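This report looks at how two helices pack against each other and at the nonpolar cores of the same protein.

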Amino acid sequence: MTNEETNNLPNNVKQIGSISDGNRIYLEDYACTYLEQYAASEGGREKAAVLVGRNLTINDDNVLFISGVIQGKYTVQRNGMVELTEKSWQYVEKQINLYFKDSQVVGLAYVQPGFEDYISEKLCTFQKNNITKGLQVLYITDPTEKISGFYKWNNNEEVFGAIKGYIIYYEKNEGMHEYMLENKIKEDKPERAPEPETEVEDAGAKARAAAVSKPIKKGKHYASIDQSKTVNLFGSVSFVMLLVCFIMGAGLIQNDDKLNELEAQFAALENEFQSSKEVFASYQQNAITTEATTSAETSTEAVTENVTAQQSAQQQTEAPSHTEYTIKEGDTLISISKARYGDTSKVQEIRELNNIENDTIVVGKKILLP
């Protein structure tokens with residue numbers, strides 16, 4: 001329905017594209033911002049929204065003011081596209097009564113990532129069937145390629161005509177502001193994908209940590225060096241030697257006849273001391289050699305565990321996994337990708353996996369899905 005009004009056009013505006021006479025579209029800034037947020041949410045998946053506003057005739061020109069955007073809730077995936085259901089229209093009517101009382105449905109916004117501004121025959125049919133509900137214009141947006149634009153349905157030719165440009169205007173829009181507050185859009189947080197290299201490094205780190213934490217076992221094959229015991233042994237030997245020297249000196253003073261006997265005893269003690277030094281040196285060398293051998297064995301075990309962990313992680317990373325799918329009546333590569341993965345991101349991968357050319361598939365034939 002077209003209302004006759006003589007309102008002056010808004011002054012605070014920003015032009016997008018080339019504006020032509022006859023079909024001018026004014027999109028309010030709050031509605032534009034919310035539409036962009038809605039399109040980019042939920043990973044930018046395919047979805048729809050309803051545009052509300054007013055049709056006015058100003059200076060003999062048809063001017064469309066879009067002041068609100070209502071999310072397309074309770075939609076269904078049918079015929080390869082998102083469609084509004086009767087419950088969706090009931091929701092739209094309720095939101096208009098709550099937030100946009102002076103407005104009516106004027107168009108449909110359709111989000112289709114990866115398709116740029118492509119308009120399918122199914123979308124044309126849907127628009128045509130819902131003209132009576134107010135879908136006069138169509139706003140297509142691709143959040144992946146950052147492409148968007150308005151189109152208007154031509155009843156005579158039954159095609160969409162592109163509207164080259166539109167105008168964003170700024171004014172007080174309490175209804176859209178309240179709707180935005182009640183229907184906030186959550187921002188997507190990017191997920192950090194695990195890297196196979198990190199898993200391999202973690203496995204190696206665990207192996208090294210396990211090797212370091214293993215205690216040196218005591219037994220016939222292991223030994224440990226006690227530094228304090230070594231010092232005590234040398235101290236005891238030195239004390240004994242000093243005591244012997246003292247006794248020998250005292251004996252020489254008291255009895256010169258025992259000189260030869262004491263010299264012999266001194267020589268025997270000296271030989272015993274030299275033997276003790278050789279035994280201790282041999283003991284210390286054996287302990288160091290044993291510890292080095294133990295450390296080498298431990299390092300070998302750690303390297304073996306590290307290599308095993310890397311091989312296991314590499315096998316898990318390289319193992320492919322494909323699903324077999326039987327082609328049904330009405331299937332296309334695009335519809336299979338959407339039904340299986342929620343969007344069309346896997347179409348090219350399905351083509352390459354099955355060596356499909358020209359998108360030709362045969363009903364009943366089995367193909368592999370990534």
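The paragraphs below take the basis of the model, then the helix pair, then the cores.

## Basis of the model

This is a predicted model, in which local features need pLDDT of at least 70 and side-chain atom pairs count only at pLDDT 80 or more, while totals for chains, interfaces and linings use all residues. Residues are numbered from 1 along each chain as its sequence is written, and side-chain values use heavy atoms, leaving out hydrogens and water.

## The pair α8 and α9

Helix α8 (residues 333-341) packs with helix α9 (residues 347-354) at an angle of about 115°, their axes lying 9 Å apart; helices here are DSSP runs of H or I with at least four residues, and strands are runs of E with at least two. The two helices are therefore roughly perpendicular, a term that covers angles of 65 to 115 degrees.

The contact (heavy atoms within 4.5 Å) is made by Leu333, Ile334, Ile336 and Ser337 from α8 and by Val347, Ile350 and Arg351 from α9. By class, these residues comprise five nonpolar, one polar and one charged.

## Burial and cores

Within α8, the buried residues (under 20% relative accessible area with a 1.4 Å probe, protein chains only) are Leu333, Ile336, Ser337 and Lys338, and they pack against β6 (76-78), β13 (323-326), α9 and β14 (366-369).

In the largest nonpolar core, which has 48 residues, Leu51 and Phe150 touch the most other members; such a core is a set of buried Ala, Val, Leu, Ile, Met, Phe, Trp, Tyr and Cys residues joined through side-chain atoms within 4.5 Å. Apart from this core lies another of nine residues, including Ile327, Ile336, Val347 and Ile350.

Methods: Axes fitted to C-alpha atoms, helices over the stretch in contact; angles between N-to-C directions. Parallel < 35°, antiparallel > 145°, perpendicular 65-115°, else oblique. Nonpolar A, V, L, I, M, F, W, Y, C, P; charged D, E, K, R; others polar. Buried < 20%, exposed > 50% of the residue type's maximum accessible area, 1.4 Å probe, protein only.
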